[in-house]
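Colleague: Could you take me through this model, beginning with the metal site?
Modeller: Certainly; here it is.

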Amino acid sequence: MDQHVRPGAPAESFPTDPSGLTEALPPALLELADGEDLRLRIDPVAKRVEDTTVRMLGYNGSIPGPTLKVRQGSEVIVHVTNDGDLDTTVHWHGLRLENKYDGVPHETQTPIPVGGSFTYRIRFPDPGLYWYHPHIREDYTQEMGLYGNILVVPADPGYWPPADRDVLLTLDDLLIEDGKIAPFSPAETTYTAMGRFGNVLLIGGEPDRSLTARAAEVVRLWLTNTANTRVFNVTLPGARMKLIGGDSGRVEHEEFVSEVILAPSERAVVDVLFGQPGQLELQHRTPDRTYRLAAITVTSDQAAPSPAEEFEVLRTAPELVVVREFLDTWLEAPPDKTLALVAEMDDIIAPGPGPVLYACPMHPEVTSDQPGRCPQCGMKLLVTAPAGPPAGREQSAPHAGGTGDDHGAGHGYHEEGHGHGDGGGIEWEDDMVAVNRLTTPANMRWILVDRDSGAANAAIDWRFTVGDRVKIRLVNEMDSDHPMHHPFHLHGAGRFLVLARDGVAEPNLVWKDTVLVRTGQTVDILFDVTEPGLWMAHCHIAEHMQSGMMFSFTVARTEAVR
Ligand SMILES: [Cu+2]
């Protein structure tokens with residue numbers, strides 16, 4: 001792919017010096033009327049993260065970028081100016097919009113050069129929570145802070161249950177090493193195997209948040225996972241949570257939940273009923289550990305009048321009940337398309353002279369004198385050797401030759417591994433940091449394979465027509481060099497429903513644009529195709545997409561005349 005490096009930028013790194021830059025602001029809430037214009041400027045900013053200040057990028061000087069609050073059925077005009085580090089586009093994630101404003105470089109628009117600008121016309125046909133981010137080197141630019149939310153207010157005032165307050169929170173992580181953001185290469189994406197995990201969690205752009213709520217208050221949390229690769233499992237012990245919406249609008253059946261899992265780019269809408277005054281924590285909980293996302297103080301001043309009573313009501317969405325009636329037919333139908341998710345991984349370290357020892361990168365105790373797979377997790381055994389130049393890489397690359405882990409303790413890093421596969425098919429942490437940071441698209445290839453044609457990634461040539469409903473089977477194959485979960489994303493040609501996971505019918509429907517396909521899992525989706533154009537399908541782990549896990553498909557405006 002083109003790399004779109006800023007002319008004159010040092011080839012070996014992006015700028016990192018925050019001195020003289022304006023401090024990043026919290027996001028502004030911009031309520032936009034139909035037809036209104038907005039200016040969105042990409043600029044470097046200085047950002048305080050724990051005990052250090054780092055250089056990041058912001059939309060209009062804030063991280064996250066401004067929240068756009070718009071009405072369903074409206075349209076706004078967004079003038080984007082790029083004063084960032086490299087060419088960019090803005091992708092309006094989850095919105096069904098006009099193809100030429102989808103923000104895919106070279107396919108729907110010419111990239112916006114540094115110093116350049118582009119005008120988007122964005123429309124909002126569906127209520128719910130969406131977001132925007134670049135579509136060039138997201139592994140770098142999204143990590144640097146370029147993301148923001150869009151809240152589309154439904155035309156029907158009774159669409160959502162009553163709540164006292166809306167709180168929008170992005171979930172992210174940032175990799176800090178030696179007081180700086182861990183280096184990126186302008187020439188290639190690194191951490192291609194697992195994606196780049198951060199060691200500082202950011203909620204609403206902040207490493208530690210303090211929120212307040214009143215006793216008996218119902219607060220609506222609008223959650224978006226903007227991380228490169230980390231999956232979040234959000235819990236709030238001591239308060240009650242009710243799941244009311246997902247990627248694109250409300251769920252079929254509201255349900256009380258104790259936790260909500262969000263893969264990169266997924267959204268969840270959760271109503272929280274706070275009880276007695278006290279101290280609570282919004283948490284991210286993995287099978288192995290609990291992280292605090294935000295401290296919440298529940299004060300004694302009673303919310304009144306409170307929608308607490310209506311909180312007990314579990315509502316049903318009539319438009320999804322209608323869809324449910326046709327679901328059995330779709331569950332039984334053979335898939336129209338079958339897409340396999342596989343990995344090819346080369347040895348990261350070149351074998352030296354003499355006998356070679358192979359080991360599992362996740363389970364170092366599993367070794368062999370022959371190539372093969374780890375009996376515990378199915379991963380390809382890789383050559384182990386004393387520290388030396390990694391196979392097929394220049395020595396000047398960051399951390400080249402390093403095999404040790406120098407990540408700070410206390411941030412959830414643990415190289416010892418907790419067993420690939422006992423996290424419910426989700427890689428909750430980077431359990432192979434030393435290997436992961438040396439992986440690039442050159443030695444780690446993530447592949448989508450169309451099982452009917454045999455075509456892989458960009459060679460896949462799917463053609464649909466507006467009005468099609470397409471059943472797509474996603475198969476995350478265990479017979480792969482590095483089995484791992486993948487959040488599979490379809491651009492705005494339409495929306496989809498999850499039909500079944502491993503043959504089990506989805507109990508609670510919601511319109512989606514991203515689905516998490518866990519390790520070894522098969523997920524059937526029903527794609528409702530509504531917008532003509534050239535659209536992308538890809539894994540939303542930024543590093544996987546950069547290593548090729550993507551393709552584009554065409555949607556014709558009308559049925560061809562026979
Ligand atoms: Cu992936």
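**The copper site and its surroundings**

Modeller: Three protein atoms act as donors to the copper ion, namely His 486 (ND1), Cys 539 (SG) and His 544 (ND1), at 1.9 to 2.1 Å from it. Donors are N, O and S atoms within 2.8 Å of the metal (3.2 Å for Na, K and Ca), and water is not among the atoms, so sites may look incomplete. This is a predicted model, in which local features need pLDDT of at least 70 and side-chain atom pairs count only at pLDDT 80 or more, while totals for chains, interfaces and linings use all residues. Residues are numbered from 1 along each chain as its sequence is written, and side-chain values use heavy atoms, with hydrogens and water left out.

Colleague: What spacing do the donors of the copper ion follow along the chain?
Modeller: Their spacing is H-x52-C-x4-H.

Colleague: Are Cys 539 and His 544 buried or exposed?
Modeller: Both Cys 539 and His 544 are buried (under 20% relative accessible area, with exposed over 50% and partly exposed in between; 1.4 Å probe, protein chains only).

Colleague: And the confidence: what is the mean pLDDT of the protein chain?
Modeller: The mean pLDDT (the predictor's confidence in each residue, from 0 to 100) is 89, and 90% of the residues reach 70 or more. Residues 1-10 have pLDDT below 50, and residues 386-421 stay under 50.

Colleague: How many contacts does the model have for residues 386-421 beyond four places in sequence?
Modeller: There are 86, a contact being heavy atoms within 4.5 Å.
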